[in-house]
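Biologist: I'm new to this one and would like a close look at a single part. Could you walk me through how the helices pack?

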Amino acid sequence: MSGNNVSLDKVDLVYEERNQSYLEQIKDFKAHPTMLKETLLGMTVWLIVSLISYSYQFGWSKIGNDLHSIYFFAAFGDGVAYSTCVLGCRLLGRKNATFFYFGVVIVMNMLAMLDVKFTDTWSLEHLVSIIGNIGASSASS
């Protein structure tokens, strides 16, 4: 309707309530196979994102010495994640930003396997857990 001289005063929107049983809703997947593929893909991706995000949450307890610093690092990481999510979506677009953050998570998981110690308490595993959690939180945003 963009660019047309059509008045919205003459448009009537009709809402019909659909009362379908669960079996009828599942039959819709047979009638619309693309909807089935998108639903299965979305369910799989969000399961993976939630599992990765949940697994990274255990890393925060190793970073701080007391409960307050642990919560600070967790809140700071989530704040950075949401900020970079907005920036990434503006620069790359939603789809490409999601792939980028998944790539960050995959690279951070591979780097976490290396046994590199910076100090007695800090290692490469701690650092990439922080960055990986930021990537996982950004992907789920």
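To begin with, how are H5 and H6 oriented to each other?

Modeller: Happy to, and keep in mind that this is a predicted model. The mean pLDDT of the protein chain is 80, and 91% of its residues reach 70 or more. Confidence varies from element to element: helix H1 (residues 22-31) has the highest mean pLDDT, 85, while helix H3 (residues 60-63) has the lowest, 67.

Now to your pair. Helix H5 covers residues 94-111 and helix H6 covers residues 124-140. Their axes come within 8 Å and cross at roughly 160°. Angles over 145 degrees count as roughly antiparallel, so H5 and H6 are roughly antiparallel to each other. As for the hand of it, H5 and H6 make a left-handed crossing. On the H5 side, the residues doing the touching are Tyr101, Phe102, Val104, Val105, Met108 and Leu111. H6 answers with Leu124, Val128, Ile131, Gly132, Gly135, Ala136, Ser138 and Ala139. Sort the residues of this contact by class and you get 11 nonpolar, 3 polar and no charged.

H6 has another partner, so let's swing over to helix H4, which spans residues 67-92. The axes of H4 and H6 come within 8 Å too, but here they cross at roughly 50°. That angle makes H4 and H6 oblique to each other, therefore, and the crossing is right-handed. From H4, the contact takes in Gly77, Asp78, Val80, Ala81, Tyr82, Thr84 and Cys85. From H6 come Ile134, Ser137 and Ser138. The class count for H4 with H6 is 5 nonpolar, 4 polar and 1 charged. You may recognise Ser138: this H6 residue also sits in the contact with H5.

To close the loop, look at H4 against H5. Their axes come within 7 Å and cross at roughly 125°, so H4 and H5 are oblique to each other. H4 passes H5 in a right-handed crossing. Here Thr84, Cys85, Gly88, Cys89 and Leu92 of H4 meet Arg94, Asn96, Ala97, Phe100 and Tyr101 of H5. By class, this contact holds 6 nonpolar, 3 polar and 1 charged. Some names come back again: Thr84 and Cys85 of H4 touch H6 as well, and Tyr101 of H5 is part of the contact with H6.

One last stop while we're on H4. The structure holds 2 aromatic pairs, and one of them is phenylalanine 72 with phenylalanine 76. Their rings are stacked, 6.0 Å centre to centre with 20° between the planes. Since the two phenylalanines, 72 and 76, are 4 residues apart in helix H4, about one helical turn separates them.

Note on methods
Residues are numbered from 1 along each chain as its sequence is written. This is a predicted model: local features need pLDDT of at least 70, side-chain atom pairs count only at pLDDT 80 or more; totals for chains, interfaces and linings use all residues. Side-chain values use heavy atoms; hydrogens and water are left out. Axes are lines fitted to C-alpha atoms, for helices over the stretch in contact, and angles run from 0 to 180 degrees between N-to-C directions. Angles under 35 degrees count as roughly parallel, over 145 as roughly antiparallel, 65 to 115 as roughly perpendicular and the rest as oblique. A crossing is left-handed if the near helix is turned anticlockwise from the far one by less than a right angle, and right-handed if clockwise. Contact means heavy atoms within 4.5 Å. Ala, Val, Leu, Ile, Met, Phe, Trp, Tyr, Cys and Pro count as nonpolar, Asp, Glu, Lys and Arg as charged, and the others, Gly among them, as polar. pLDDT is the predictor's confidence in each residue, from 0 to 100. Rings of Phe, Tyr and Trp (its six-membered ring) pair if their centres lie within 6.5 Å; planes under 30 degrees apart count as stacked, over 60 as edge-to-face and the rest as tilted.
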